[in-house]
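The exercises below ask you to read contacts, sheets and backbone angles from the model that follows. Each task is followed by a solution in steps.

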Amino acid sequence: MTSPPASVDGFVKQFLQNLNFDIGVSLSESSKNDQYLALAGTVRDYLMARWLDDQRRQGDLQAKGVCYLSAEYLLGRQLDNNLLASRLTDIASDALAQCGIDLDELRQLEVEPGLGNGGLGRLAACFIDSLATIGVPSIGYGIRYEYGIFRQTFEDGQQVEQPDAWLALGSPWEFPHPEAAQQISFGGHTETYDDDGVTRSRWIPGWNVQAVPYNYMVPGYHNGRVNTLRLWSAVATSAFDLRIFNSGDYEEAVRAQTFAENISKVLYPEDSTPQGKELRLQQQYFFVAASIGDFLENVLADGYDLAKLPERVIFQLNDTHPVIAVPELMRVLVDDKHMEWDAAWAITQQCFAYTCHTLLPEALEVWPVDLLGRLLPRHLEIIYRINDDFLEEVRERFGDDELRIRAMSIVGEHPFRSVRMAHLATVAGSKVNGVAELHSQLLRDKVLHDFDEFFPGKFTNVTNGVTPRRFIRLANPDLAGLITEALGAGWTVDLERLRGLEAFAADPEFRERFAAVKAGNKRRLAAVLRERDGLDVSEDHLLDVMVKRLHEYKRQMLQLLHIVTQYDRVVSGRVAASDITPRTFLFGAKAAPGYAMAKSIIHLINAVGEVVNDDPRVEGRLKVLFPPNYNVTLAERVIPAADLSEQISLAGKEASGTGNMKFALNGALTIGTDDGANVEIRELVGDENFFLFGMSEPEVEAQWAKGYRPAEFYQADAELRSAMDLIASGAFSGGDRSVFEPIVSNLLYDDRFMVLADYGSYIRAQAKVDAAYADPDAWTRSAILNVARTGFFSSDRSIRDYIDRIWHTPPVS
Ligand code: 26W
């Protein structure tokens with residue numbers, strides 16, 4: 001098969017053909033959505049020949065590849081990325097113009113697939129982009145949620161969640177393959193049987209569902225490669241012989257169908273506090289069992305010798321969500337393929353590697369054994385056996401140190417008997433990595449310390465990265481143009497070349513052009529927010545941005561206390577409004593629906609905005625903007641416009657952060673703590689181009705050790721006291737003191753994330769920001785140096801690190 005010719009005329013022809021024959025409308029009768037679907041179809045057609053080639057080639061080659069197992073992929077819009085990767089942007093734009101259609105208008109119609117919560121899901125999306133661009137044989141496996149992350153709206157300043165029906169207007173980027181469905185079983189019981197003198201176990205499941213694969217193209221950038229993302233969707237099997245539903249009547253049958261299809265219905269919007277929901281475990285097992293089955297049956301050649309499996313594949317576990325894949329592979333090898341336990345275990349250990357994405361103890365997933373045993377009885381037995389063997393080895397090495405054994409056990413006893421998925425992943429994985437230097441170090445020293453001692457060499461680091469295609473080329477075309485003019489093409493796939501910009505930082509004309517790009521990006525953002533949310537952005541303000549999930553450890557409250565302090569300084573007369581640096585504080589954040597404190601903080605941000613924005617005493621110099629429903633599409637507009645990036649988590653809590661990297665690469669300066677990848681950003685850009693504040697991780701530990709009483713910080717700092725009192729007084733809640741009382745008391749008497757302890761240092765750092773911004777030319781110089789020195793944070797580099805340190809899967813040409 002060959003691609004249609006890449007010419008404007010060829011594109012017009014293909015586009016009209018798709019419009020007429022696939023969508024079934026004439027150009028004159030077509031809606032914008034029809035046109036968008038036909039356009040997407042046309043881009044697909046161009047990529048198709050290469051996709052088919054790559055699938056064949058990867059099959060022929062029998063090279064070792066990566067199966068990236070992730071419950072989330074936060075992809076963002078597909079059209080632009082696919083146009084860019086296949087060099088079709090200009091052709092498509094001209095071709096549509098010939099048909100009287102504006103490409104830009106069609107772009108806006110795409111509903112982004114929001115199949116992830118935040119950092120972890122977006123990282124997976126960056127990684128599959130880099131895998132394709134580097135040319136590593138790989139498949140991304142995940143779940144095709146019918147509803148992605150909820151759509152956020154505000155009612156009276158409070159978050160309201162709406163379902164995200166992202167498939168409603170058609171989904172032109174996916175290819176369903178019902179004929180390649182995998183049958184996935186659940187429930188039932190296990191038994192042993194005699195197989196010619198060998199006692200074996202088998203699982204007699206209680207019910208099953210079908211996993212239907214939907215394939216998505218993942219084009220590499222300008223390299224003619226197209227990898228596959230395979231997302232699984234649940235449908236009822238024709239003989240859905242669920243015992244409990246098997247009453248035989250029609251209504252029950254339909255209900256049974258709904259039950260099966262619920263599995264891929266909705267993305268769980270919790271990030272960081274697992275709810276232990278049965279459906280979530282069903283989702284996890286559903287997608288990894290389908291993926292392993294698919295790989296063994298459809299990707300490997302028939303009759304492949306499974307003893308050699310580690311030569312063909314590494315399953316990368318994106319956090320603990322897919323870890324049930326470990327006992328699943330063991331079950332397949334031992335029960336289905338009749339392999340010896342020890343041989344199967346040796347293979348399994350080489351075929352998995354585990355990435356941890358958190359340090360919060362409450363984020364570590366555990367599954368109660370009664371739930372696991374009910375849903376996956378054979379897997380629970382396998383986990384017990386893995387644990388018994390493992391603990392025996394621990395005893396051999398460390399003696400009968402019961403405390404240590406209890407601490408390391410895969411099965412924990414408190415508060416109830418449950419399986420600790422991080423321990424299982426660590427025992428099973430050939431490697432375990434954290435996502436930034438500091439995070440990996442803390443994993444080794446603290447969270448998984450005993451395991452590091454027991455498995456020397458198993459722990460490693462791969463610092464996160466972001467794709468420069470989406471987050472520079474697409475999001476910031478003017479900056480991309482300026483860079484290409486300065487350095488030539490090539491930097492998009494070799495981001496360390498940005499170093500070459502250092503020389504230009506000294507050039508006044510380049511600085512002027514760089515500043516003009518930033519100003520243009522602010523104008524574009526202003527237009528977007530006006531149109532999208534009716535918000536007014538003052539283009540002459542310092543644009544100060546904090547966008548990320550709402551979580552107490554990320555400390556949106558600290559930024560809020562800074563805003564209230566500035567406001568309080570003006571209204572109390574301590575500072576003249578005219579002496580305040582004009583700033584716009586832009587927030588973007590979703591709260592998990594069940595996380596009351598996070599929702600309350602969202603309410604307070606909106607409430608402070610209401611008051612501050614309209615108070616004439618402020619003279620329009622402080623603005624708080626909180627556009628709802630922050631997502632990848634909005635990020636692509638916000639990040640290139642930002643002057644200042646807020647990365648202010650309590651040291652030791654943010655595993656890495658990836659927004660921090662996107663901002664620096666787009667020429668925002670960071671105000672941040674020594675946490676996650678901020679540490680590496682600061683080392684690279686230099687102290688003079690970074691606003692550091694707050695306690696370091698060891699200082700945080702020392703503060704806890706000596707006893708932390710937040711009220712003492714409140715007492716000791718008059719400005720802090722005044723700002724907190726203002727919130728407590730009801731000034732932002734129409735005089736009602738009760739509305740934000742829980743936030744204030746929480747800070748005063750609990751403050752788990754030491755907001756009050758870091759407040760003074762933060763306020764001083766913000767004053768330095770104001771002073772630095774007063775010299776626009778020096779600011780721009782710093783911004784250029786941020787871009788020049790952060791090429792390290794390309795996800796291409798992360799993937800090369802994974803290849804060198806963990807996967808050993810060289811690219812194939
Ligand atoms: C509900 C259970 C649960 C627990 C943790 C769901 C999701 C998680 C994720 C691990 C949370 C997450 O997204 N972590 C983020 O991962 C990013 C990519 O590595 C890091 O940059 C962020 O610092 C980390 O918070």
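**Exercise 1. The ligand site**

How far from an oxygen atom of the ligand does a backbone N or O atom of Gly657 lie?

*Solution.* The model is predicted, so that local features need a pLDDT of at least 70 and side-chain atom pairs count only at pLDDT 80 or more, while totals for chains, interfaces and linings use all residues. Residues are numbered from 1 along each chain as its sequence is written, and side-chain values use heavy atoms, with hydrogens and water left out.

Step 1. The backbone N or O atom of Gly657 is 2.8 Å from an oxygen atom of the ligand, where a polar contact is a pair of N or O atoms within 3.5 Å.
Step 2. For Ala655, a backbone N or O atom lies 3.4 Å from a ligand oxygen atom, and for Glu654 a polar side-chain atom lies 2.6 Å from a ligand oxygen atom.
Step 3. The protein covers 95% of the 570 Å² of accessible area that the ligand has on its own, an area computed by the Shrake-Rupley method with a 1.4 Å probe.
Step 4. The ligand has 21 residues around it, of which His357, Asn464, Glu654, Ser656 and Gly657 come nearest; a residue is near if one of its heavy atoms lies within 4 Å.
Step 5. Helix α6 (residues 119–134) gives the largest share of this shell, 3 residues; helices (H or I, at least four residues) and strands (E, at least two) are DSSP runs, numbered from the N terminus.

**Exercise 2. The sheet of 3 strands**

Work out the strand order of the open sheet of 3 strands, and explain which strands stand at its edges.

*Solution.* Step 1. The order is β15-β17-β16, with antiparallel pairing, and two strands pair if DSSP finds at least two bridges between them.
Step 2. Because β15 (366–368) and β16 (411–412) each have a single partner strand, they stand at the edges, and one side of each is left without a neighbour in the sheet.
Step 3. Between β15 and strand β17 (residues 418–420) there are 3 bridges in the antiparallel sense, and Trp367 stands opposite Val419 in β17.
Step 4. Helix α14 (residues 421–428) lies across β15 and β17 and runs at about 50° to β17; contact means heavy atoms within 4.5 Å, and angles run from 0 to 180 degrees between N-to-C directions of axes fitted to C-alpha atoms, for helices over the stretch in contact.
Step 5. In the loop between β16 and β17 lies Pro415, and the peptide bond that joins His414 to Pro415 is cis, with omega near -5°.

**Exercise 3. The sheet of 6 strands**

Describe the open sheet of 6 strands and the helix across β21 and β22.

*Solution.* Step 1. This sheet has the order β22-β21-β20-β23-β24-β25, with parallel pairing, and its edge strands β22 (622–625) and β25 (691–692) each pair on one side only.
Step 2. Strand β20 (residues 542–547) runs parallel to β23 and is joined to β23 by 2 bridges, with Val545 opposite Ser645 in β23.
Step 3. Helix α21 (residues 596–614) lies across β21 (583–588) and β22, at about 145° to β22.

**Exercise 4. Positive phi angles**

Where do Asp196 and Arg87 lie?

*Solution.* Step 1. Asp196, with a positive phi of about 50°, is in the turn of the hairpin formed by β9 and β10, which has 2 residues between the strands.
Step 2. Arg87 lies in the loop between α3 (79–85) and α4 (89–98) and has a positive phi of about 55° although it is not a glycine.

Definitions and conventions
Polar contact = N/O pair within 3.5 Å; in protein donor to acceptor, adjacent residues only side chain to side chain.
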